[in-house]
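Visitor: I would like to see how the labels on a model are earned. Can we go through them one at a time?

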Amino acid sequence: MSSPEIGTDSDPQHWHEQTDAGNGNRLNALRAAVPGANDGIVSTAGIVMGVAGATSDRTTILIAGVAGLVAGAMSMGTGEYVSVSTQRDSEKSILRLEAEELEAMPETEQRELAKMYEEKGLDAALAEQVAAQLTAHDALAAHADIEFGIDPDELTNPRHAAWASMIAFTLGALLPLLCVVLVPADARIVITVLAVVLAPALTGFVSARLSLSPRLRAILRNVIGGLLAMGVTYLIGSPVGMGIG
């Protein structure tokens with residue numbers, strides 16, 4: 001997909017209207033899923049490549065890979081849930097305290113709101129008018145937005161992020177696991193490396209697209225990280241396997 005189009009005054013097009021930026025929880029889940037998939041690919045590839053460096057026994061590799069998949073998926077899901085829950089709790093606390101301030105000192109809060117808009121470039125009279133209208137409409141939403149960047153009607157959802165991360169990790173982990181287990185032993189390493197090059201390239205592309213950042217940089221970062229993880233674990237596993245053997 002090409003970069004979002006920027007229009008002109010005669011043909012208005014706004015880049016942010018092309019990004020679904022209003023659906024915060026869906027984007028939150030997507031952003032949790034992309035690193036989850038990438039972690040599943042890279043970490044599981046590192047495990048199975050490390051074990052493959054130590055032994056060619058298919059059952060041993062499968063057990064190690066499945067254990068890594070399950071542990072990683074649970075860890076990713078739990079970690080994402082705890083992280084986003086903490087953020088949500090913080091948002092709720094901020095909204096509660098702000099609501100208490102609005103109830104205890106509404107005039108002071110309205111003057112504070114006007115001052116913030118004045119600092120953003122409005123003249124004093126217009127800033128007071130805007131603050132008065134926003135306060136009459138929804139004082140809490142107005143303060144939450146300008147002071148903290150919070151939308152009271154769309155707080156972050158930890159369940160969405162946790163499930164997205166867990167499922168994405170599992171799907172990502174299946175790729176190197178299946179490659180190592182199903183591919184014949186003489187082609188196992190080459191096929192797994194190729195798969196793990198292509199898959200992180202895809203997750204890098206998706207993450208760059210979601211964040212509107214340079215795609216080549218994100219792709220290279222993911223691919224190099226994946227190759228490094230596999231290379232290091234394989235080099236460690238090989239001498240360990242020879243020593244045990």
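**Labels and their reasons**

Visitor: Why is Ser85 called buried?
Guide: Ser85 has a relative accessible area of 15%. Buried means under 20%. So 15% places Ser85 in the buried class. Keep in mind that this model is predicted.

Visitor: Where does Ser85 lie, and what does its side chain reach?
Guide: Ser85 lies in helix H2. Its side chain comes to 2.7 Å from the backbone oxygen of Tyr81. A polar contact needs N or O atoms within 3.5 Å.

Visitor: What makes Glu80 partly exposed?
Guide: Its relative accessible area is 21%. The partly exposed class runs between 20% and 50%. Therefore Glu80 is partly exposed. Glu80, too, is found in helix H2. Its C-alpha atom is 6.2 Å from that of Ala161, although the two residues are 81 apart along the chain.

Visitor: Why is Leu216 called exposed?
Guide: Exposed means over 50%. Leu216 has a relative accessible area of 59%, so the label fits. Leu216 lies in helix H7. Between the C-alpha atoms of Leu216 and Gly204 there are 8.3 Å, and the two are 12 residues apart along the chain.

Visitor: Which class does Pro214 fall into, and why?
Guide: The value for Pro214 is 46%. That falls between 20% and 50%, so Pro214 is partly exposed. Pro214 sits in the loop between helix H6 (188-211) and helix H7 (215-244). From Pro214 to Gly204 the C-alpha distance is 9.9 Å, with 10 residues of separation in sequence.

Visitor: What makes the largest nonpolar core a core, and which residues are in it?
Guide: A nonpolar core takes buried residues of listed nonpolar types, joined through side-chain atoms within 4.5 Å. The largest has 12 residues, including Val48, Ile61, Leu69, Met76, Phe169 and Val180. Helix H1 (24-54), helix H2 (58-104) and helix H5 (158-182) supply at least two residues each. H5 gives the largest share, five residues. Apart from this core lies another, of eight residues, among them Leu113, Ala114, Tyr117 and Ile146.

Visitor: What does Val180 contact beyond its neighbours within four places in sequence?
Guide: Val180 is in contact with Val48, Arg58, Ile61, Arg188 and Thr192.

Visitor: How do you know that the span of H5 agrees with its number of residues?
Guide: H5 has 25 residues. At 1.5 Å a residue, the expected span is 36 Å. The end C-alpha atoms are 36 Å apart, so the two values agree.

Visitor: Where does H5 bend, and by how much?
Guide: The bend is about 25°, at Leu174. A proline, Pro176, follows within four residues.

Visitor: What is found at the start of H5?
Guide: A side-chain oxygen of Asn157 comes within 3.0 Å of the backbone nitrogen of Arg159. The cut-off for a polar contact is 3.5 Å, so this pair is inside it.

Visitor: What is the secondary structure of the protein chain as a whole?
Guide: Seven helices and zero strands. Along the sequence the pattern reads α-α-α-α-α-α-α. Of the 245 residues, 35% are buried. The chain exposes about 14000 Å², with 63% of that supplied by carbon and sulfur atoms.

Visitor: Among contacts between residues at least 6 apart in sequence, what share joins residues at least 24 apart?
Guide: In the protein chain that share is 71%.

Definitions and conventions. Residues are numbered from 1 along each chain as its sequence is written. This is a predicted model: local features need pLDDT of at least 70, side-chain atom pairs count only at pLDDT 80 or more; totals for chains, interfaces and linings use all residues. Side-chain values use heavy atoms; hydrogens and water are left out. Buried means under 20% relative accessible area, exposed over 50%, partly exposed in between (1.4 Å probe, protein chains only). Contact means heavy atoms within 4.5 Å. The expected span of a helix is 1.5 Å times one less than its number of residues. The bend at a residue is the angle between axes fitted to the seven residues ending there and the seven starting there. A polar contact is a pair of N or O atoms within 3.5 Å; within protein, one must be able to donate a hydrogen and the other to accept it, and residues adjacent in sequence count only if both atoms are side-chain atoms. Accessible areas come from the Shrake-Rupley method with a 1.4 Å probe; for residues, only the protein chains shown count as cover.
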